[in-house]
Amino acid sequence: MTPPPKNTMAFVNAANDAIFPRTFPMECGGEYTGLVNQTYIAALEAAIRGQKDVKTAFTESMRGQPCLDKNAK
């Protein structure tokens, strides 16, 4: 089986086409670490496992909001 042709321009143009993650105050973490990450991962897992409905899980995940409010620039 012949592999598809190489598309090296996809890597060159990636920054132009990408949607970058939202930035959060350093004190609160972000998409991949810290309080922001912990709260949305916990909410997502609770909803997926059926432990809570989606609305409840994500409403409770707002415990990180005070950090965001305090450190917003």
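Is Asn-37 buried or exposed? Keep that in mind as we walk through the chain; the answer comes at the second stop.

A word on what is loaded: this is a predicted model, in which local features need pLDDT of at least 70 and side-chain atom pairs count only at pLDDT 80 or more, while totals for chains, interfaces and linings use all residues. Residues are numbered from 1 along each chain as its sequence is written, and side-chain values use heavy atoms, with hydrogens and water left out.

**First stop: the whole chain**

Show the chain as a cartoon and colour by secondary structure. You should find five helices and zero strands, in the order α-α-α-α-α along the sequence. The radius of gyration is 18 Å, well over the 11 Å that the globule rule gives for 73 residues, so the chain is more spread out than a compact globule. Helices here are DSSP runs of H or I with at least four residues, strands are runs of E with at least two, and both are numbered from the N terminus. The radius is taken over C-alpha atoms, and the globule rule is 2.2 Å times the number of residues to the power 0.38.

Turn the view along the principal axes: the C-alpha atoms fill a box of roughly 50 × 35 × 15 Å. Now switch on the surface. About 6,200 Å² is exposed, with carbon and sulfur atoms supplying 61% of it (Shrake-Rupley method, 1.4 Å probe). Of the 73 residues, 22% count as buried, meaning under 20% relative accessible area with a 1.4 Å probe and protein chains only as cover.

**Second stop: Asn-37**

Select Asn-37 in helix α3, which covers residues 34–48. Here is the answer: Asn-37 is buried, with a relative accessible area of 18%. Show its side chain and look for the backbone oxygen of Glu-31, 2.9 Å from a polar atom of that side chain. Beyond the neighbours within four places in sequence, Asn-37 is in contact with Gly-30, Glu-31 and Tyr-32, where contact means heavy atoms within 4.5 Å.

**Third stop: Thr-39**

Stay in helix α3 and select Thr-39. Thr-39 also counts as buried, at 7% relative accessibility. Its side chain reaches the backbone oxygen of Val-36 at 3.0 Å. Which residues should you show around Thr-39, not counting those up to four places away in sequence? Bring up Ser-61, Arg-63 and Gly-64, which Thr-39 touches.

Definitions and conventions
Buried < 20%, exposed > 50% of the residue type's maximum accessible area, 1.4 Å probe, protein only. Polar contact = N/O pair within 3.5 Å; in protein donor to acceptor, adjacent residues only side chain to side chain.
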